Amino acid sequence: MTGAVLVAAAMTTGLVAGVFLLYAHTIMPGLGRTDDRTFVGAFQAIDRAIINPFFMACFFGALVLTGVAAALHLRAGHRGVLPWLVVAFGLYLVVVVITLAVNVPVNDAIKAAGEPDRITDLARVRRDFGEARWRAWNLVRVVLSSTAFGCLLVTLVLHGRRG
């Protein structure tokens, strides 16, 4: 069971890191080249679409599974991977906090602005969104979640050598 939880933690963390990376190198640069109406409408649609059971299970599951994996490795014979798990958990916890404290409120605000056809000042809505700030914090999420994923890959190798 320990190995299965570790694999699941690594998979979910890697998937989420990939989503953040996709936003960083494709979605936000692409949206950044659009007019205000397209930006607001497309971002609203993308943000509504990402709130789905699969993504939410991966996003929160990565934290829970990494914590469970660390708890399972507290036994004396399994502690060699524990530092890597603790670091992965801590890094990913910061990702969750950043997401909930920085990205989600701005995402919710742009959705609350209403349908683009009914918004009288699309430039203000886009300006209030703060693309540069959103992108900067997303880049932090990319680095932290990718590093957490790397730590989990190390734990898989160490766990495999032990077995």
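Biologist: Which residues in H4 meet which residues in H5?
Modeller: This is a predicted model. The contact of H4 with H5 divides into 4 nonpolar residues, 1 polar and 1 charged. On the H5 side are Val-125, Asp-128 and Phe-129, and they are met from H4 by Val-106, Asn-107 and Ile-110.

Biologist: Are H4 and H5 roughly parallel or roughly antiparallel to each other?
Modeller: Helix H4 covers residues 82-112 and helix H5 residues 122-129; their axes are 9 Å apart, at an angle of about 170°. Angles over 145 degrees count as roughly antiparallel. H4 and H5 are therefore roughly antiparallel.

Biologist: Which aromatic cluster includes Phe-129?
Modeller: Phe-129 is one of the H5 residues in the contact with H4. Phe-129 also belongs to one aromatic cluster, formed together with Tyr-23, Phe-39, Phe-43 and Trp-134.

Biologist: Over which rings does the charged end of Arg-141 sit?
Modeller: A charge counts as over a ring if CZ of Arg is within 6 Å of the ring centre and within 35 degrees of the ring normal. The charged end of Arg-141 lies 5.5 Å from the ring centre of Trp-134, a member of the aromatic cluster. For the other ring the value is 3.9 Å. The rings are those of Trp-134 and Phe-20.

Biologist: How many aromatic pairs does the structure hold, and why is the pair of Phe-59 and Phe-60 edge-to-face?
Modeller: The structure holds 9 aromatic pairs. The ring centres of Phe-59 and Phe-60 are 4.8 Å apart and their planes are at 80°, so the pair is edge-to-face.

Biologist: Is Phe-59 buried or exposed?
Modeller: Its partner Phe-60 is partly exposed, with a relative accessible area of 35%. Buried means under 20%. Phe-59 has a relative accessible area of 3%, so Phe-59 is buried.

Key. Residues are numbered from 1 along each chain as its sequence is written. This is a predicted model: local features need pLDDT of at least 70, side-chain atom pairs count only at pLDDT 80 or more; totals for chains, interfaces and linings use all residues. Side-chain values use heavy atoms; hydrogens and water are left out. Rings of Phe, Tyr and Trp (its six-membered ring) pair if their centres lie within 6.5 Å; planes under 30 degrees apart count as stacked, over 60 as edge-to-face and the rest as tilted. Buried means under 20% relative accessible area, exposed over 50%, partly exposed in between (1.4 Å probe, protein chains only). Axes are lines fitted to C-alpha atoms, for helices over the stretch in contact, and angles run from 0 to 180 degrees between N-to-C directions. Helices (H or I, at least four residues) and strands (E, at least two) are DSSP runs, numbered from the N terminus. Angles under 35 degrees count as roughly parallel, over 145 as roughly antiparallel, 65 to 115 as roughly perpendicular and the rest as oblique. Contact means heavy atoms within 4.5 Å. Ala, Val, Leu, Ile, Met, Phe, Trp, Tyr, Cys and Pro count as nonpolar, Asp, Glu, Lys and Arg as charged, and the others, Gly among them, as polar.
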